[in-house]
Amino acid sequence: MIQIEKLTKSYGERTIFSDVSFKIAEGEKLGIVGKNGAGKSTLLKILIGVEEFDAGNISGLHAEDIGYAEQIPKFSKPTLLEEMVGIGVEEFQARKVLFGLGFVEEELKKNPNNFSGGETAKISLAKALLDEPRVLMLDEPTNHLDIYAIDFLEDFLKNYRGTVIAVTHDRHFLQTCVDKILDMENGHATLYPGNYEKFVQLKAERRDYELKAYEKQQEEIAKLEDFVRRNKVRASTAKRARSRQIKLDKMERLEKPPSNELVKVKLHDAAESANRVLILDRINFRDIIKNFNLEILKGEKVGLIGRNGVGKSTLLKIIVGDLKSDSGGIKIGNRVKIGYLSQGHEELNENFTALDELINEFNLPTERARAELARLDLSAQVVEKPIADMSGGEKTRVALAKLILTGANFLILDEPTNHLDLPAREAIESALTIFDGTVLIVTHDRYLLDAVTSRVVEFAEREVQNISKPEKISKPKRLQEPRQNKSKPPEKSEEQLEKLEARIKMAEMELKMIEHEINSEVSPQKLSELAEAHELKLKEIDDLYLIFLEG
C-alpha cells in the first residue's frame, strides 16, 4: 500500500498544490489528470524522489521499487538490443517489447545514443517496462508512440502485475488501463474510482453537489449578514445580532467549485463546395510515399492512421502545397478552402506574440484578437510573450485560433490534440463533431478518432487500406464469450493456469514477431507463407484463451 498524506508543494510564494492525500493498493493502476500547470508532473517527480516537497508524508514507496522512463536517459551499450538485455532480461523479451513499440530489426543493431528525441523516449519506456519494477511511473507514456505501439503498451500494462502510476491526457488509455483517476485542480487533488467515463460522470455529480452546497451556504450567509446589519445598532436586538455575527465568524466557508465550462472552440459554418473535395491519384514522394490514392467527398471526416515514419505528415504537406510530389495528381474541388494545422506549428511566426499573429494575419483590432485567444484559454500574459517561448500546448491553441478565423470548409489537421489537456481535447472533439464541413485528420488520439471520423484510412508502407468505421478504433477483441456447456469442466489448478498464461504470452510474442516480419517482407511468396502462419498463430491464441476462460 502506497499512502500519500497532506502533500504540499510551493515554488516561492506560488503554491502548486496543498493537502494532497490518496492511497494506492498493490497492483492498482492510477491515472493522474488535470489542466496543464496543475502540478501533475511535479507530483510524479516528488513520488520518484527527484523533487522535494514542503509538507506531508509518503509511506510505502521506496526508491529501489520504482521504475521510471527517464526524460533524458543515458545509454552505455553499443547496440539497442544489448542495452535492453543489459538490464537482465532474455533477448526474446527485449525483442518483444522493442518490436511492440515500433522498432525494426535493423534498429536493434544501432547505437542507442544515435536515435532521435522521440525514439530515445521510446527506448527509455522500453527499459522501464522490461525492468518490471514493483511500481512503474510514467509521464505521458503514449507521447511519441503510433497507434499500434500504443495498443501494445496498453496490452502490456493491462497484464502488468505491479502498480502503475501514469500522468496522461490520453483518454483511451484512461478508459482501458486504469482503476482510479486522481484529478488535480485548483491546487487540490480528488481521487475517483473507475476509468475515464466513470470519472467524467462522478466528477460532474460531485461538482453539482458542491455547487448546491455552496449556493445554499451563500444564501445563509446573506441572510445572517443582512440580520446583523439591520439589528446590531438596536438595543433590543443587538444581542441576537452579535450571536449571528459569532456564527458567521465561526462558519467554515465553502469554496465555489470551479466552472465545468469547456474551452470554447467553435468552428464557423462551412461554405458550400464541390462534392469531390480532394482527389489524390498515385502520389509518389522520394522513398516515403508510393502510389498513394485517396478521394474525399464533401462532409466526410476521414482519419488517416499508420506507423510513425510512413509519411502521413509528409502527405498532408504535399496536399497543402508545402512540399511538391515527385509524380501523381492532386485535385482540390471547386470552392474548397483549406485550413491547415501542422504538427510542428510551422504556420506560426515564432518571433511574433500570439496577438501579433492574429492581428497581422487577419487585420483584427487588438481587443478582438485578445477575445479570440481567450476563448482557447490563453491568458493575457501568455498572448503577449513570443510564440518561441510558449509551451507546445499554448502553440497548439494559437494555431487553432488561426484555423477558426480562416473560415475554411476543408480542415486538414496533423495531431491537433498534441500537448493539450483533457478540457481542450474535449472541446476540439465537440467542435469537429458538429462541424458541417470536411475533415482530414492525422492523429494517434483514438478517443478523437472514435468520436469524430466517419471513415479511417490506414497508411501502410506498401498500400493504403480503407477501413469501414468500427464502433471503436481500438483493437477488437479476438475472442467471443465461450459457449456454455451443459456439464461444467473441472476447475484448473493455480499451476495449470500459470502455465497457460505463460503459453499465451509466448504465443502473443510469436505473433508480434510474425507481424514484424510481414511489415518488412517484400517477397510475394514469403508474404503468403507469413500470412498463413499469422492465421494459425491467431487460432492458437484463441484456443488457448478459450481453455483459460473455461476455468
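R134 and E26 are joined by a salt bridge in which the closest N and O atoms lie 2.7 Å apart. This pair links distant parts of the chain, since R134 belongs to the loop between α4 and β6, whereas E26 belongs to the loop between β2 (14–24) and β3 (29–34), 108 residues apart. The model is a predicted one, and the points below follow its salt bridges and then its nonpolar cores.

**Salt bridges and their surroundings**

- In total, the structure holds 36 salt bridges, and side chains of opposite charge can pair in this way when their charged atoms come close.
- R134 has a relative accessibility of 26%, and because buried means under 20% and exposed means over 50%, R134 counts as partly exposed.
- E26, the partner of R134, is likewise described as partly exposed, because its relative accessible area is 45%.
- K122 forms a salt bridge with E119, and here the closest N and O atoms are 3.4 Å apart.
- K122 and E119 both sit in helix α4, where three residues, or about one turn of the helix, separate them, and both of these residues are buried.

**The pair R425 and D445, and its network**

- The side chains of R425 and D445 also meet in a salt bridge, with a distance of 3.6 Å from N to O.
- R425 is part of helix α13 (residues 422–434), while D445 is in the loop between β16 (438–442) and α14 (446–452), so this pair ties together parts that are 20 residues apart in sequence.
- R425 counts as buried because its relative accessibility is 8%, and D445 counts as buried because its relative accessibility is 4%.
- R171, R425, E429 and D445 are joined into one network by salt bridges that share partners.

**Nonpolar cores**

- The largest nonpolar core has 44 residues, and within this core L101, L129 and L157 touch the most other members.
- At least two residues of this core come from each of the helices α2 (80–85), α3 (91–100), α4 (117–131), α5 (147–158), α6 (171–177) and α7 (196–231), and likewise from each of the strands β6 (135–139) and β7 (163–167).
- L157 touches K29, L129, L136, L138, V164 and F173, when residues up to four places away in sequence are not counted.
- Apart from the largest core lies another core, made up of 38 residues, including L341, I387, A431 and L432.

Technical notes. Residues numbered from 1 in each chain as written. Predicted model: local features only at pLDDT ≥ 70, side-chain atom pairs only at ≥ 80, totals over all residues. Heavy atoms only, no water. Core = buried A, V, L, I, M, F, W, Y, C linked by side-chain atoms within 4.5 Å. Buried < 20%, exposed > 50% of the residue type's maximum accessible area, 1.4 Å probe, protein only. Helix = DSSP H or I, 4+ residues; strand = E, 2+ residues; numbered from the N terminus. Contact = heavy atoms within 4.5 Å. Salt bridge = Lys/Arg side-chain N within 4 Å of Asp/Glu carboxyl O.
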